[in-house]
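Colleague: I should like to go through this model with you, one element at a time. Please give the reasoning first and the result last.

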Amino acid sequence: MERYAHGGDIYRGSPVELDFSVNLNPYGMPEAVKDAVREGLDAFATYPDPECTALRAALSERHAVPAAHILCGNGADDLIYRLCFAARPKRALVCAPSFSEYENAVLASGGEVSYHLLREQEDFELTDRILDDLAGIDLIFLCSPNNPTGKLIDPALIARIVATGVRLLLDECFLAFTRGSSAAGLLERYKNLVILGAFTKTYAMAGLRLGYAMTADTPLIAEMKRIAPCWSVSGPAQAAGLRATECTGVREELLRLLEAERPRVKRALEAFGFRVWRSDCGFLLFTAPADLGQKLRARGIAIRDCSNYPGLGVGFWRIGLKLPEQNDRLLRTIEEVI
């Protein structure tokens, strides 16, 4: 079996013209960020700053978190693995369905994984049932909004979970695709809280690989730094990230698009007879015929097969919303193939 189990696998099989299997800003990388990479070409002949000093300072100002409590990495998944190898959890709790790299990182570091099953009859919402599953758990992974369901977690529930004292990694990588607020205000009070962020989604920088973790547990940050290669964040990634922190209006522009397209596309999918779950985010989870992905791929369109998510199964699909004309092409093609 192949190790790769995510969206964006466009390098094998039929050519892909429109990739709905990923969840990125449909407007693409901001021009200012592209300019930062171009302008820095001569500087990239030297080693990058291993401390990401300027980038951490900018993130500190953005999140009102001390720079000493921020660690940058080669994408969010890099930091997930670093956390697991630094903390060495014996037992971790992962929601099902949710992002598979949480479980993979725990297993790679020698730990065991337990599932908290999100119920279809509860609309895949995280509820306070999770509090009953915390006994004997060293590390909890939560994603808000969750991937692939698109559901935000109630901030009051997050506060209750972190107040138990169990270490919590809260993945906020898709937060800018919602009207939700960060839990960063809890960091100084709870050293067991680690918040994960990334430039990948909001600024369409997936190929540059840039993420960051925030926690007041400075010994944990030191250990996560110690076990990683010295230059884990490249010069181009640092330059792009620094310029991205200066880009204003990106989130509001994105939200205006999603708040118009999300209900429109949801209604269209439901008109085909598909069940579509409510989402707070830029992607939609739905059920459709098991061969839908194959038929669309033959016509140059990729969507995310969610059958490999624990808690889901064959016939579950996810799409990341794009620009209106691209969404229209997807809908027309679905109508043709069904």
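Colleague: Which element do the buried residues of α1 pack against?

Modeller: This is a predicted model, and the answer begins with the helix itself. In α1, the buried residues are Val33, Ala36 and Val37. Seen down the axis of α1, these buried residues fall within an arc of 95 degrees, so they line one face of the helix. The element that the buried residues of α1 pack against is α7 (235–244).

Colleague: What distance separates the end C-alpha atoms of helix α10?

Modeller: Helix α10 covers residues 324–337, which is 14 residues. At 1.5 Å a residue the helix should span 20 Å, and the model agrees, because the end C-alpha atoms of α10 are separated by 20 Å.

Colleague: Which residues of α10 are buried, and where do they lie around the helix axis?

Modeller: The buried residues of α10 are Asn327, Leu330, Leu331, Thr333, Ile334 and Val337. Seen down the axis of α10, they fall within an arc of 165 degrees, so the place asked for is one face of the helix.

Colleague: Which elements do these buried residues of α10 pack against, and which exposed residues does the face turned away carry?

Modeller: On the buried side, the residues of α10 pack against two helices, α8 (250–271) and α9 (292–297), and against two strands, β11 (301–302) and β13 (316–320). The face of α10 turned away from that side carries exposed residues, namely Glu325, Glu335 and Glu336.

Colleague: Which residues does Phe272 contact, leaving aside its neighbours within four places in sequence?

Modeller: Phe272 is placed in the loop between α8 and β9 (275–276). Its relative accessibility is 23%, and therefore Phe272 counts as partly exposed. Lys34 is 238 residues away from Phe272 in sequence, and their C-alpha atoms are 39 Å apart in space. With the neighbours within four places left aside, the contacts of Phe272 are Leu331, Ile334, Glu335 and Ile338.

Colleague: Is Trp277 buried or exposed, and which residues does it touch beyond four places in sequence?

Modeller: Trp277 lies in the loop between β9 and β10 (283–287). At 2% relative accessibility, Trp277 counts as buried. Although Gly150 is 127 residues from Trp277 along the chain, the C-alpha atoms of the two are separated by 8.6 Å. Not counting residues up to four places away, Trp277 touches Glu120, Asp123, Phe124, Lys151, Lys266, Leu284, Leu285, Phe286, Thr287 and Phe316.

Colleague: What volume does the largest cavity have, and how many charged residues are in its lining?

Modeller: The count comes to one cavity of 30 Å³ or more, and the volume of the largest cavity is about 70 Å³. Its lining consists of Cys95, Leu118, Phe124, Glu125, Leu126, Leu142, Cys143, Asn146, Lys151, Leu152 and Ile153. By class, this lining has eight nonpolar residues and one polar residue, and the number of charged residues is two.

Colleague: Where are the cis peptide bonds that involve Pro97 and Pro148, and what are their omega values?

Modeller: Pro97 is placed in the loop between β3 (91–96) and α4 (100–108), whereas Pro148 is found in the loop between β5 (139–143) and α5 (155–162). The cis bond at Pro97 joins it to Ala96, with omega about 5 degrees. The cis bond at Pro148 comes from Asn147, and its omega is near 20 degrees.

Colleague: How does the burial class of Cys52 stand beside that of Arg88, and which is the class of each?

Modeller: Cys52 belongs to the loop between α1 and α2 (53–63), and its phi is near 50 degrees, a positive value in a residue other than glycine. Arg88, in the loop between α3 (76–87) and β3, likewise has a positive phi near 50 degrees without being glycine. The relative accessibility of Cys52 is 3%, so Cys52 counts as buried. For Arg88 the value is 47%, so the class of Arg88 is partly exposed.

Colleague: What distance separates the C-alpha atoms of Pro229 and Pro50?

Modeller: Pro229 is located in the loop between α6 (218–226) and α7. At 60% relative accessibility, Pro229 counts as exposed. Pro50 is 179 residues away along the chain, and the distance between the two C-alpha atoms is 9.1 Å.

Definitions and conventions
Residues numbered from 1 in each chain as written. Predicted model: local features only at pLDDT ≥ 70, side-chain atom pairs only at ≥ 80, totals over all residues. Heavy atoms only, no water. 1 Å grid on protein atoms, 1.4 Å probe; cavity = no way out; pocket = protein on both sides within 12 Å on 5 of 7 lines; lining within 4 Å. Points joined across faces, edges and corners; volume = space filled by probe spheres on them. Nonpolar A, V, L, I, M, F, W, Y, C, P; charged D, E, K, R; others polar. Helix = DSSP H or I, 4+ residues; strand = E, 2+ residues; numbered from the N terminus. Expected span 1.5 Å × (residues − 1). Buried < 20%, exposed > 50% of the residue type's maximum accessible area, 1.4 Å probe, protein only. Arc of directions from axis to C-beta. Contact = heavy atoms within 4.5 Å.
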